[in-house]
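User: I would like to understand how the terms used for a protein structure are justified. Please take them up one at a time.

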Amino acid sequence: MRVWVNGTFDVVHIGHIRLLEFASKYGDVTVGIDSDDRIKSKKGLSRPFNKLNERLEFLKSIRYIKDVVSFATDDELVERIKSFQPDFMVIGDDYKDRSEEHTSEL
């Protein structure tokens, strides 16, 4: 089974690890992470704290993750997910009650 998780993962914390561990119970996890420019536009000029290449390397070292990819725009995110064709998409609690504008595109 193929599992998709995406986010910023700028400062990885125990909640991220628990999310990734949970996701890994459903299959091989691929994580999509925001580009540095995307983070700056959404979270401010002082972000990210850790650059894309560092976040990619850090996430790849976590045993619950099979692969990590990045995306710069909403459209690129949608295309990555469509191309990956996940069996499951796992989101964190902070997105539980949100509706996403691109959900219908998937």
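User: What makes the pair formed by the side chains of Arg47 and Asp10 a polar contact?

Analyst: In this predicted model, a distance of 3.0 Å joins the side chains of Arg47 and Asp10. A polar contact requires a pair of N or O atoms within 3.5 Å. The value of 3.0 Å for Arg47 and Asp10 therefore meets the cut-off, and the pair is called a polar contact.

User: Is Arg47 buried or exposed, and how do you know?

Analyst: Arg47 has a relative accessibility of 17%. Buried means under 20%, so Arg47 counts as buried. Arg47 belongs to the loop between helix H2 (36-43) and helix H3 (52-60). Apart from residues up to four places away in sequence, Arg47 touches Asp10, Ile39 and Lys40.

User: What is the peptide bond from Arg47 to Pro48 called, and what value of omega supports the name?

Analyst: The bond is called cis, with omega near 0 degrees. Pro48, like Arg47, is in the loop between H2 and H3. As a general rule, most peptide bonds are trans.

User: What is notable about phi of Phe9, and is Phe9 buried or exposed?

Analyst: Phe9 has a phi near 50 degrees, a positive value in a residue other than glycine. Most residues other than glycine have a negative phi. Phe9 is in the loop between S1 and H1. With a relative accessible area of 4%, set against the cut-off of under 20%, Phe9 is therefore buried.

User: Gln85 also comes up for its phi. Is Gln85 buried or exposed, and how do you know?

Analyst: Gln85 has a positive phi, near 55 degrees, and is a residue other than glycine. Gln85 is in the loop between helix H4 (74-84) and S4. Exposed means over 50%, and Gln85 has 59% relative accessibility, so Gln85 counts as exposed.

User: How do you know that strand S1 (residues 2-7) and strand S2 (residues 28-34) pair, and in which sense?

Analyst: S1 and S2 share six bridges, in the parallel sense. Pairing needs at least two bridges, so six bridges satisfy the requirement for S1 and S2. Within this pairing, Arg2 stands opposite Asp28 in S2. S1 also pairs with strand S4 (residues 88-89) in the parallel sense over two bridges. Since at least two are needed, the two bridges between S1 and S4 therefore qualify. Val3 has Phe88 of S4 as its bridge partner.

User: In what order do the four strands form the sheet, and what makes S3 and S4 edge strands?

Analyst: The order in this open sheet is S3-S2-S1-S4, and the pairing is parallel. S3 and S4 each have a single partner strand, so one side of each is left without a neighbour in the sheet, and they stand at the edges.

User: What is the unit made by S1, helix H1 (residues 14-24) and S2 called?

Analyst: S1, H1 and S2 make a right-handed β-α-β unit. Along the whole chain, from the N terminus on, the elements run β-α-β-α-α-β-α-β.

User: How do you know that the buried residues of H1 are on the same side of H1?

Analyst: The buried residues of H1 are His16, Leu19, Leu20 and Ala23. They cover an arc of only 95 degrees around the axis, which puts them on the same side of H1. An α-helix has 3.6 residues a turn, so residues three or four places apart point the same way. The buried residues of H1 pack against S1 and S2, while the face turned away from them carries the exposed residues Ile14 and Arg18.

User: What arc do the buried residues of H3 cover, and which residues are they?

Analyst: Leu52, Arg55, Leu56 and Leu59 are buried in H3. Their arc of only 100 degrees around the axis puts them on the same side of H3. Asn53 and Glu57 are exposed on the face of H3 turned away from its buried side. The buried residues of H3 pack against S2, H2 and strand S3 (67-71).

User: Which residues of the largest nonpolar core touch the most other members?

Analyst: This core has 17 residues, and Val5, Leu20, Val31, Ile33 and Leu59 touch the most other members. S1, H1, S2 and H3 are the elements that give two or more residues to this core. A second, separate core of six residues includes Trp4, Val69, Phe71 and Leu77.

Methods:
Residues are numbered from 1 along each chain as its sequence is written. This is a predicted model: local features need pLDDT of at least 70, side-chain atom pairs count only at pLDDT 80 or more; totals for chains, interfaces and linings use all residues. Side-chain values use heavy atoms; hydrogens and water are left out. A crossover is right-handed if, with the strands pointing away from the viewer, the path from the first strand over the helix to the second runs clockwise. Buried means under 20% relative accessible area, exposed over 50%, partly exposed in between (1.4 Å probe, protein chains only). A polar contact is a pair of N or O atoms within 3.5 Å; within protein, one must be able to donate a hydrogen and the other to accept it, and residues adjacent in sequence count only if both atoms are side-chain atoms. Contact means heavy atoms within 4.5 Å. The arc is that of the directions from the helix axis to the C-beta atoms. A nonpolar core is a set of buried Ala, Val, Leu, Ile, Met, Phe, Trp, Tyr and Cys residues joined through side-chain atoms within 4.5 Å.
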